[in-house]
Amino acid sequence: MAVSFLLAPMAELSHRALRELIEIFGACDEYFTEMISAPALIRGGPFEAWYTDPGPCPQRLVYQLVGSDPEHLATAVSLLTTQECAGIDLNMGCSAPAIVRAGAGVRWMASPDRAGALIKLLRKRTTRRLSVKLRIGMEDDFAYLVEFCKRLESEGVDRITLHPRTAREKFKRRPRWEYVGLLRSALHIPVVGNGDIADARELLRRVGEGCDGIMVGRLAIRAPWIFARARHLENPGAENRPLLPESIDLEELGLRFLELLARYQPREFHKSRAHRFFTYFCANFTWATYLTTRLGRETELSAMAALLSAYCRDHPEERTLRLTASPGPA
Ligand SMILES: Cc1cc2nc3c(=O)[nH]c(=O)nc-3n(C[C@H](O)[C@H](O)[C@H](O)COP(=O)(O)O)c2cc1C
């Protein structure tokens with residue numbers, strides 16, 4: 001079976017506008033939402049409809065939940081299970097201090113018994129694919145990771161995504177990709193690998209790690225065409241490969257994103273989400289730090305659009321990225 005390509009869950013980034021942008025190029029097999037707080041979802045807060053917007057392809061959407069209270073998570077799973085989706089994922093990997101202090105994210109990995117009991121409970125609430133995204137754990141202990149995942153598997157988890165770094169490492173040190181294939185051989189369920197994919201060729205190299213899927217996060221913001229590009233390289237002669245232009249107009253793409261943001265996200269989210277996007281997208285430009293800083297001072301999407309256009313006018317040679325010639329993440 002072909003190895004799947006997946007968009008990672010990323011707070012303030014993995015929302016409908018980004019999915020729409022990636023869909024222009026296609027070839028992303030599954031889209032994770034950003035983490036959705038289980039208690040907030042149950043309370044039915046004013047922004048939950050935006051967090052759970054399933055567009056543009058509900059059948060390829062995976063809702064990711066975060067929380068520390070098993071009952072909250074179980075109720076949230078029951079709510080989401082009524083929606084059309086590809087699955088429901090549980091965040092056991094986030095190492096942001098506020099999340100860990102609250103007993104959520106990677107904190108679950110410190111308590112195999114609690115985590116096992118949680119999965120048992122959630123399993124009763126859904127027939128959807130139930131998955132978990134995690135890190136190696138609090139420490140670099142592969143044997144512990146395997147035992148932890150076997151426990152989840154025995155309680156009914158259908159798939160694991162491993163970002164092979166410890167809780168403490170955040171984004172430091174290289175991810176231990178060798179753990180992905182080793183974990184896959186130790187389990188009976190599919191395993192997806194994630195971490196530091198730098199370009200389309202590396203994405204394809206990771207297909208050889210013996211896992212069932214490759215999840216891409218930050219690179220998919222910088223290069224929303226990355227999944228399509230990887231499929232092109234994988235299968236140069238195939239008739240059904242996705243359409244991919246020879247070059248990318250970065251100004252047009254950035255402006256398109258701002259339009260999609262305005263259409264698919266509430267006004268209260270525009271500024272933070274645009275800033276987050278440009279933190280990664282601007283890496284396509286030589287003066288990335290300058291441009292990101294300038295964009296970061298703007299609060300209106302229209303002002304951000306004007307700045308991006310001005311930059312491309314001043315540096316016309318940077319506006320077009322030729323995919324075949326580019327040394328970058330093409
Ligand atoms: C801005 C940002 C927000 C993130 N939010 C989440 C999240 O909501 N849930 C989650 O499981 N992981 C989250 N992550 C981690 C990513 O899903 C992924 O594991 C990590 O970025 C490594 O993949 P990459 O090197 O391809 O970016 C986030 C990462 C970033 C950079």
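**Entry 1: a loop and a cis bond**

I started at P56, which sits in the loop between helix 3 (48–51) and strand 3. The peptide bond leading from G55 into P56 is cis, and its omega is near 0 degrees. I note here that I am working with a predicted model.

**Entry 2: strand 3**

From that loop I moved on to strand 3, residues 61–66. Is this strand mostly covered or mostly open? I found it mostly covered, with 6 of its 6 residues buried. I then looked at the two faces. L61, Y63 and L65 are buried on one side. V62, Q64 and V66 are buried on the other.

Next I looked up the pairing. Strand 2 and strand 3 run parallel and are joined by 5 bridges. Y31 stands opposite L61 of strand 3. Strand 3 also pairs with strand 4 (residues 87–92), again in the parallel sense, over 4 bridges. There, L65 has L90 in strand 4 as its bridge partner. I traced the chain between these two: it leaves strand 3, passes through helix 4 (residues 70–80) and arrives at strand 4. This β-α-β crossover is right-handed.

**Entry 3: strand 6**

I turned to strand 6, residues 159–166. How many of its residues are buried? I counted 8 of 8, so I wrote it down as mostly covered by the 20-neighbour cut-off for a buried residue. One side carries R159, T161, H163 and R165, all buried. The other carries I160, L162, P164 and T166, buried as well.

Which strands pair with strand 6? Strand 5 (residues 130–137) does, in the parallel sense, over 6 bridges. I noted one partner pair here: G137 with T166 of strand 6. Strand 7 (residues 191–194) runs parallel to strand 6 too, and 3 bridges join them. In this pairing, I160 has V191 of strand 7 as its bridge partner.

I followed the connections as well. Strand 5, helix 7 (residues 142–154) and strand 6 form a right-handed β-α-β unit. Strand 6, helix 8 (residues 178–186) and strand 7 form a right-handed β-α-β unit.

**Entry 4: positive phi in two loops**

I looked at K170 in the loop between strand 6 and helix 8. K170 is not a glycine, but its phi is positive, about 50 degrees. Is K170 buried or exposed? It is exposed, because it has 11 other C-beta atoms within 10 Å, and the cut-off for exposed is 12 or fewer.

D196 was next, in the loop between strand 7 and helix 9. D196 is not a glycine either, and its phi is positive at about 65 degrees. With 18 other C-beta atoms within 10 Å, D196 is partly exposed.

**Entry 5: E209**

I went on to the loop between helix 9 (200–207) and strand 8 (213–216), where E209 is found. Why is E209 partly exposed? It has 17 other C-beta atoms within 10 Å, and partly exposed lies between the 12 and 20 cut-offs. Setting aside neighbours within four places in sequence, E209 is in contact with W177, V180, G181 and G193. I also checked the distance to A143, which is 66 residues away along the chain. The two C-alpha atoms are separated by 19 Å.

**Entry 6: helices 12 and 13**

I found F257 in helix 12. F257 counts as buried because it has 25 C-beta neighbours inside 10 Å. Which residues does F257 touch, not counting those up to four places away in sequence? I found A17, L21 and F277. F257 and A17 are 240 residues apart in sequence. In space, they are 6.7 Å apart, C-alpha to C-alpha.

F277 led me to helix 13, where it is buried together with R273, A274, F278 and F281. What covers these buried residues? The cover includes helix 10, helix 12 (250–264), helix 14 (288–297) and helix 15 (301–314). Helix 13 spans residues 267–281, which makes 15 residues. From first C-alpha to last it reaches 21 Å, close to the 21 Å expected at 1.5 Å a residue.

**Entry 7: around the ligand**

Last, I looked at the ligand. There are 21 residues around it, and A8, M10, M35, G217 and R218 come nearest. Strand 2 (30–37) and helix 10 (218–222) each supply at least two residues of this shell. How does the shell divide by residue type? I noted 10 nonpolar, 7 polar and 4 charged.

How values were computed:
Residues are numbered from 1 along each chain as its sequence is written. This is a predicted model: local features need pLDDT of at least 70, side-chain atom pairs count only at pLDDT 80 or more; totals for chains, interfaces and linings use all residues. A residue is near a molecule or strand if its C-beta atom, placed from the backbone, lies within 6 Å of it. Ala, Val, Leu, Ile, Met, Phe, Trp, Tyr, Cys and Pro count as nonpolar, Asp, Glu, Lys and Arg as charged, and the others, Gly among them, as polar. Two strands pair if DSSP finds at least two bridges between them. A crossover is right-handed if, with the strands pointing away from the viewer, the path from the first strand over the helix to the second runs clockwise. The expected span of a helix is 1.5 Å times one less than its number of residues. Two residues are in contact if their C-beta atoms, placed from the backbone, lie within 7 Å.
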